[in-house]
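Please take me through this structure step by step, beginning with the strands and then turning to the helices, the contact between chains and the DNA.

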Number of protein chains: 2
Amino acid sequence: MGTLPIGNHIPSYRDEHLSIDFDQQLAILDAERITLTRKEYDLLALLVQHAGEIIPRDALLMRVWGYGAEIRTRTLDVHVRRLRKKLGGYADQYIETIFGIGYRFQPYHAPRFFQSTLVKPIALGA
Amino acid sequence: MGTLPIGNHIPSYRDEHLSIDFDQQLAILDAERITLTRKEYDLLALLVQHAGEIIPRDALLMRVWGYGAEIRTRTLDVHVRRLRKKLGGYADQYIETIFGIGYRFQPYHAPRFFQSTLVKPIALGA
DNA sequence: GGTGTTTTTACAAAGTTTTTACAAGTTGGC
DNA sequence: GCCAACTTGTAAAAACTTTGTAAAAACACC
């Protein structure tokens with residue numbers, strides 16, 4: 001162990017619409033390949049690697065940009081915006097804004113058209 | 001080590017209708033997700049962490065707002081109101097007003113349709 | 001120098017919190 | 001029981017904060 005896996009495909013993330021291979025910096029949205037810039041990848045990677053968790057702005061600015069808490073900038077917002085644009089119609093489902101704190105990536109979650117109460121077996125017994 | 005701690009999963013509270021994860025700022029009421037603002041979370045957190053206890057207005061204003069006793073404001077009332085609104089029909093069961101003192105959070109307690117005197121074994125013996 | 005990327009700037013828009021002004025409810029003394 | 005004093009509830013507006021956005025400027029790499 002400890003050797004680099006050569007030609008080992010590690011699909012970093014995959015859901016119904018989106019799959020990402022961070023090693024290859026490759027993202028595919030509904031079978032359509034989308035190209036992300038370096039910073040966009042870094043940002044998306046951090047969010048996706050912590051899917052379901054809120055990541056504070058500070059943490060994003062620290063880990064993607066190396067910025068400390070003093071720095072005031074809109075560059076994070078601008079990048080989030082471009083990411084969302086490239087994620088198309090699902091953007092707001094994927095990248096949530098947590099007001100006053102930061103952002104959260106959520107894996108795709110199909111809308112449920114039927115209530116669970118309606119999904120009951122039909123004529124189970126005799 | 002050295003890396004920023006991102007997200008700690010501690011399911012803060014749970015009862016029959018309500019469950020709250022304060023870290024994730026996630027509250028679920030009867031399987032429906034409700035979103036609370038920061039102050040609403042802070043307030044609810046303090047109340048819930050002392051469930052069953054009366055918390056004086058002073059204490060709430062001090063610990064959530066940092067206000068001292070001199071300050072006269074209705075902001076606490078307004079926040080309680082919005083919290084109650086978001087807690088829907090159970091609101092008054094959850095958040096009690098203790099007149100002249102403060103508020104108290106009570107975990108959900110199903111109404112009893114039968115008095116304990118009525119709930120006696122039926123024909124236990126022969 | 002040209003192309004693509006990132007950051008800044010300067011507002012706009014959206015969201016949150018506090019205040020205001022008054023209504024409604026509660027309590028204790030009579 | 002009724003009244004006056006006080007407390008809490010409520011709606012709406014105001015004040016404030018955070019995030020979104022477009023465009024330009026700065027940067028980087030070949």
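**Strands, helices and DNA surfaces**

In chain B of this predicted model, the hairpin formed by β3(B) and β4(B) leaves two residues between its strands, and D30(B) has a positive phi near 50° there. The strands of this hairpin, β3(B) and β4(B) (residues 32-34), run antiparallel and are joined by three bridges, and within that pairing A27(B) has I34(B) as its bridge partner in β4(B). A27(B) also takes part in the pairing with β2(B), since it is the residue of β3(B) that bridges to I20(B). That second pairing, between β2 (residues 18-21) and β3 (residues 26-29) of chain B, is again antiparallel and extends over four bridges. The hairpin that connects β2(B) and β3(B) has four residues between the strands, and here Q25(B) is the residue with a positive phi near 50°.

Turning to chain A, one finds an open sheet of four strands, ordered β1-β2-β3-β4 and paired in the antiparallel sense. Because β1 (13-14) and β4 (32-34) of chain A each have a single partner strand, they stand at the edges, and one side of each is left without a neighbour in the sheet. Within this sheet, β2 (residues 18-21) and β3 (residues 26-29) of chain A pair antiparallel over four bridges, with S19(A) standing opposite I28(A) of β3(A).

The sheet belongs to a longer succession of elements, for chain A contains four helices and seven strands, which follow one another from the N terminus as β-β-β-β-α-β-α-α-α-β-β. Chain A has 126 residues, of which 15% count as buried. Where contacts in chain A link residues at least 6 apart in sequence, 44% of them join residues at least 24 apart.

Among the helices, the arrangement of α1(A) and α3(A) can be described in some detail. Two packed helices are described by the angle between their axes together with the distance between those axes. The axes of α1(A) and α3(A) come within 10 Å and cross at roughly 90°, which means that α1(A) is roughly perpendicular to α3(A). On the side of α1(A), the contact is made by K39(A), E40(A), L43(A) and L44(A), while α3(A) contributes H79(A), R82(A) and L83(A). Sorted by class, this contact of α1(A) with α3(A) has three nonpolar, one polar and three charged residues.

The two chains also touch each other, in a contact that takes nine residues from chain A and six residues from chain B. On the side of chain B that touches chain A, the residues divide into two nonpolar, three polar and one charged.

Where, finally, do the protein chains approach the DNA? Around DNA strand C there are 20 residues, the closest being T37(A), K39(A), T37(B), K39(B) and T73(B). The elements that give two or more residues to this surface are α1 (38-49) and α3 (75-86) of chain A, together with α1 (38-49) and α3 (75-86) of chain B. By class, the residues near DNA strand C comprise six nonpolar, six polar and eight charged. K39(A), which is among the closest residues to DNA strand C, is also one of the residues through which α1(A) contacts α3(A).

DNA strand D likewise has 20 residues around it, and those that come nearest are D77(A), R81(A), T97(A), D77(B) and T97(B). Here the elements that give two or more residues to the surface are α3 of chain A and α3 of chain B. The surface near DNA strand D has eight nonpolar, four polar and eight charged residues.

Note on methods
Residues numbered from 1 in each chain as written. Chains lettered and ligands numbered in written order. Predicted model: local features only at pLDDT ≥ 70, side-chain atom pairs only at ≥ 80, totals over all residues. Near = placed C-beta within 6 Å. Nonpolar A, V, L, I, M, F, W, Y, C, P; charged D, E, K, R; others polar. Buried ≥ 20, exposed ≤ 12 C-beta atoms within 10 Å, placed from the backbone. Contact = placed C-beta atoms within 7 Å. Axes fitted to C-alpha atoms, helices over the stretch in contact; angles between N-to-C directions. Parallel < 35°, antiparallel > 145°, perpendicular 65-115°, else oblique. Pairing = 2+ DSSP bridges.
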